[in-house]
Amino acid sequence: MIDINAPVTDPGVKNALDKRGNARESLLPILLEVVKENSFLTDTAMKEIAGALDISSAEVFGVASFYEFLPIGYNGKNTIRVCKNISCYIEGKDEIIKAIEDFLKIKAGETTRDGKFTFKTANCLGWCHKGPAMLINDTPHTDLTPEKAIALISEYT
Amino acid sequence: MGGMINLKINDIPISIEEGASILDAAKKINIQIPTLCHHDDLCVAGNCRVCVVEQAGMKTLPTACSTPVTEGMEILTNTPRVLGCRRTIIELLLSEHNVDCPHCYRNVNCELQGLAEEYSVDNPKLISLVTDESVEISSPSIRKDSSRCIRCQRCVRTCAELQHVTALCVANRGAEMKISTFMDRPMDQVVCTSCGQCINRCPTGALVEHNYIAEIWDHLGDPDKYLVVQTAPAVRVGLGEMLGFDPGTRVTGKMVTALRMIGFDAVFDTNFTADLTIMEEGTELLLRLKKALLDKKPVALPLLTSCSPGWIKYIEHEHHSLLDNLSTCKSPQQMFGPLAKTYYAEKAGIDPAGMIVVSIMPCTAKKFEANRPEMKVSGYKDVDYVLTTREFGRMIKQAGLDFKNLEDSKCDSILGKHTGAGVIFGATGGVAEAALRTVYEIITGREVPFKNLNITAVRGMEGVREASIKIEDCVDDWKFLEGVSLKVAIAHGLANARMLMKQVEKGESPYHFIEVMACPGGCLGGGGQPIPTNREIREKRAKAIYEEDESLELRKSHENPEVQKLYEEFLGKPGGRRSHELLHTSYTARS
């Protein structure tokens, strides 16, 4: 059941609601705030958001599941996304991926044991003229070499 | 706003009010444009694209359902380009659809299949992209088969707009987009009321009821079983639609004959227990009013009706603080079960262990209700099986009965006699009207002051309606009600019920009694009724219900002689100890 008077237990949700209010149109900004704070969305967080906005938890889930940048379920503190499209492929994205996998000791799609990084591949990031490219969280990094990629990631460790 | 727009469709000039769609305009001049995602009861979606038309001066083809008419517009609805595009769209939809039609419950009553036939899609060019997700069968009421889903989202809009439940949602994006639930959970683990309105609006077989036809035939063939059947009031005004009659045709007598010919041992009527419900619920209302007004003690008011199991499940999920307001009366279906297995079994000399009670209901939530763990007060499962009107219609076909030409016959005694008050339970406002007919007469000793007993203020299709009756010249027992205006509200569709409940939660509800039916139109628009549904069809069924009421000699529940006899011989008095054991229940707060 959705109880609009139930206390919010998730600090990330509480913070997001304090900042963004509880109007239906605030749903996306709230979800983004929660992900910024908690790195991902849990069942509880989505139910609490639904309660605060007086909408169904299925609706919150539906919206969140539409967006790549609103991860549902466990996700690392930082997300690395390497572009896998044709231009970056020609420029050597495979070597970048291999270097990151060796460095973090995980495969694409996995999260490091310490929870610091989730590593993914992504469709075109729009930096075809400067490939290979990757995103670390919201920041694009271009003209990558394996060494440069590792150095950039190291800054977040 | 409010002006008229002039346009041409296929060179035919037409004038229509501003804001209308091309689809509306075409309908007005008897031109049909195919639709799938569009539904009269729901908001515009425009996602299936099958209603495309050509517009002079435009390169692309607009969708007729979501494009408003504009002045001077010239529309063509059947050019080779339009027909070709529609055919491609249908083929694309079919490429993602499990086209195993003969094995589908909606075979020959499927909108996609109908369009495939109309547009001669007989030469498939596209490879199949059907997912092999298994059918979701966790709910006792609803089966969800994603392989047959065309993602038109009618179900999602139904659940959100009509019911404000949103158990169903659209999840993911692009090729992975699908109709889902919170965290993709099974239907029995989410806030679903089992109302089945999604089924009524699904154009394909992606959402269907859990059907028990095979089990019933098995029991019918078993000589050791004694099958007792009850039919709800709304069934008799919907069933005909499946068997060659127009919407709004009453088929009560043929229905009873069909049940006997199919082989049921005793044919009874839920209307009987609807009358009984009025006796119990009316008494409950009067006792609560007495406690509040005379004894000045705290008591939960307004009293909320409890006949609609979808509504009950909804309030158990969503309004925990109002569970005390619910009438403790079971629904007529669940009053019938224990009476059949105790009172009737005893009188007829039948061992209830071998008795199978079957309900024919316009409802899918009744399947859930019959399976509630507390519904076993007779010592057995009170109601063994619930079939929808649709399942029953199919059984009549399977039995090879020429339904149209069947003779009329009447229900058996002693759980079959009913009054018009029981019949109108099938329409929104009916329970309130039936209750008023009896309660007013108990309080004043006179009939309700409405022409021909028809309390028209509580009838109709407005989402929320209200009425009040001023009580004057009470009999001695009810003197404390002198001068009180008895206020009644009615809601149908859970989105409307929710508005009234918010009012009650805030302590601002002016009403003494609120009738809620989960489905639009009440039971006659229930999730188990024949498909399609729309307001026009529901209004015709409602008209038939009220005609049936007027056709009966007795129209007040307390005048039902078999109900009177039941109290004399078995129950004692309304609200008495035995009534409480068998006919009343309690509710569970659900997360």
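Here is a short walk through this predicted structure, from chain A to chain B and then to where they touch.

A bit of housekeeping: residues are numbered from 1 along each chain as its sequence is written, while chains are lettered from A and ligands numbered from 1 in the order in which they are written. Since the model is predicted, local features need pLDDT of at least 70, side-chain atom pairs count only at pLDDT 80 or more, and totals for chains, interfaces and linings use all residues.

Let's start with chain A. The domain assignment splits out domain 1 (11-66) and domain 2 (78-154); such bounds come from an automatic or database assignment. Their C-alpha centres are 28 Å apart.

Now look for helices α3 (residues 43-53) and α4 (residues 57-66) of chain A, whose axes come within 8 Å and cross at roughly 120 degrees. Helices (H or I, at least four residues) and strands (E, at least two) are DSSP runs, numbered from the N terminus. Axes are lines fitted to C-alpha atoms, for helices over the stretch in contact, and angles run from 0 to 180 degrees between N-to-C directions. The crossing makes α3(A) oblique to α4(A), a label for angles outside these classes: under 35 degrees roughly parallel, over 145 roughly antiparallel, 65 to 115 roughly perpendicular. Among the touching residues are M46(A) and I49(A) from α3(A), and V60(A) and F61(A) from α4(A). Being in contact means that C-beta atoms, placed from the backbone, lie within 7 Å.

Over in chain B, 4 strands form an open sheet in the order β10-β9-β12-β13, with parallel pairing. Two strands pair if DSSP finds at least two bridges between them. Strands β10 (266-269) and β13 (385-388) of chain B stand at the edges with a single partner strand each, so one side of each has no neighbour in the sheet. β9 (residues 226-231) of chain B pairs with β10(B) over 4 bridges, and V229(B) sits opposite V267(B) in β10(B).

Two helices lie across this sheet's strands. Helix α6 (residues 213-220) of chain B crosses β9, β12 (355-361) and β13, running at about 120 degrees to β13(B). Helix α12 (residues 389-398) of chain B lies across β12 and β13, at about 80 degrees to β13(B).

Finally, where do the chains meet? 19 residues of chain B are in contact with 11 residues of chain A. On the chain B side, β6 (169-171) and α9 (309-318) each give two or more residues, with β6(B) giving the most, 3 residues.
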